Amino acid sequence: MKNLILTGIFASATLVSCGTVQSLVQNTFPYTANVLVSTGVPANKEVSSSTTASNVQSWFGGNNNAQIKDVRISDAKVTVISPSNGSLSDFKSFKVYISSDGSAEKLVASRSDFNNSSNSLNLDINDSGYLDNVVKSTNLKVRTVYELKNSTSSDMNLRVSLNFNSVPAN
């Protein structure tokens, strides 16, 4: 009985430590893009906005061959920055694509139900597989595509926050 209890404690400690080690070696790196939704943008029409993002070189000390692998999108969120009382209720859909030199554009997050009047909303992650070749390449680009239900009465500034996870390549 004593051996069974000790074995159980040892097994529990081993599982907890493995999870801790995995979380310590797993990297998370963010990217934030700003999107301006101008007054006069027509409703029921997709509008696209692109920005060049920092690439993995800046996150990992200037090494384009960063020793990471299995890069995936882990979180995406859109937030109204201004006006201070702005909400996302005027949006019909929102999509976020990433691409880089030499790689095709990939949809990483989207949302098509903006039924609440919140100023911030998590986007649905599109599991587009590993993004190593996109993120580790030069000239990472983020393109947002949105469609409004109604035209806005004033300019709206949005922040799109993306988080990527990776593991060391060893």
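Me: Where does Glu147 sit in this predicted model?
Reply: The model is predicted, so read everything here as computed from it. Looking along the chain, residues 141-148 form one strand, and Glu147 belongs to that run. The strand is S8.

Me: Is Glu147 buried or exposed?
Reply: The cut-off for buried is under 20% relative accessible area. Glu147 has a relative accessible area of 14%, so the residue falls on the buried side. In a word: buried.

Me: Which residues does Glu147 touch, leaving out those up to four places away in sequence?
Reply: One set of contacts is Asn44, Lys45 and Glu46. Another set is made up of residues 91 to 93. Written out, the second set is Phe91, Lys92 and Ser93.

Me: Asn44 is on that contact list; what is its phi near?
Reply: Asn44 is found in the loop between strand S1 (27-37) and strand S2 (47-52). Its phi is positive, in a residue other than glycine. The value is near 60°.

Me: And which element holds Asp70, whose phi is near 55°?
Reply: Asp70 also has a positive phi without being glycine. At 29% relative accessibility, Asp70 counts as partly exposed. Its element is strand S3.

Me: Which residue does a cis peptide bond join to Ser82?
Reply: Omega for that bond is about 0°. The partner is placed in the loop between strand S3 (68-82) and strand S4 (91-100). That partner is Pro83.

Me: How are the strands of the four-stranded sheet ordered, and what is the average twist?
Reply: The sheet is open, with antiparallel pairing, and its order is S1-S9-S3-S6. S1 and strand S6 (120-122) are the edge strands, each pairing on one side only. From one strand to the next, the twist averages 20°.

Me: How many bridges are there between S3 and S9?
Reply: S9 covers residues 156-168, and the two strands pair in the antiparallel sense. One place to look is Ile68, which stands opposite Pro168 in S9. The pairing runs over 11 bridges.

Me: Which strands stand at the edges of the five-stranded sheet?
Reply: This open sheet has the order S2-S8-S4-S5-S7, with antiparallel pairing. An edge strand here has a single partner strand, so one side of it is left without a neighbour in the sheet. The edges are S2 and S7.

Me: In S7, what is the bridge partner of Ser110?
Reply: Strand S5 (residues 103-111) and S7 run antiparallel. Two bridges join them. The partner of Ser110 is Asp124.

Me: Which element supplies the largest share of the largest nonpolar core?
Reply: The core has 34 residues, and those touching the most other members are Phe91, Phe94, Ile98, Leu158, Leu162 and Phe164. At least two residues each come from S1, S3, S4, S5, H3, S8 and S9. The largest share is six residues, from S3.

Me: Why is the pair of Phe91 and Phe94 called edge-to-face?
Reply: Ring centres within 6.5 Å make a pair, and planes over 60 degrees apart make it edge-to-face. Phe91 and Phe94 have their centres 6.0 Å apart, so they qualify as a pair. Both are buried, Phe91 with a relative accessible area of 0% and Phe94 with 1%. What settles the label is the angle between the planes, 70°.

Me: How many residues apart are Phe91 and Tyr146?
Reply: Phe91 and Tyr146 form an aromatic pair that is edge-to-face, 5.8 Å centre to centre with 70° between the planes. The pair links distant parts of the chain, from strand S4 to strand S8. Along the chain they are 55 residues apart.

Me: Which residues do ring pairs link into a cluster?
Reply: The count of aromatic pairs comes to four. Among the contacts of Phe91 are Phe114 and Tyr146. The cluster is Phe91, Phe94, Phe114 and Tyr146.

Me: What separates the C-alpha atoms of Ser137 and Ser100?
Reply: Ser137 is in the loop between helix H3 (132-135) and S8, and it is buried, with a relative accessible area of 14%. Ser100 is 37 residues apart from Ser137 along the chain. The separation of their C-alpha atoms is 6.2 Å.

Methods
Residues numbered from 1 in each chain as written. Predicted model: local features only at pLDDT ≥ 70, side-chain atom pairs only at ≥ 80, totals over all residues. Heavy atoms only, no water. Buried < 20%, exposed > 50% of the residue type's maximum accessible area, 1.4 Å probe, protein only. Contact = heavy atoms within 4.5 Å. Pairing = 2+ DSSP bridges. Axes fitted to C-alpha atoms, helices over the stretch in contact; angles between N-to-C directions. Core = buried A, V, L, I, M, F, W, Y, C linked by side-chain atoms within 4.5 Å. Phe/Tyr/Trp six-rings, centres within 6.5 Å; stacked < 30°, edge-to-face > 60°.
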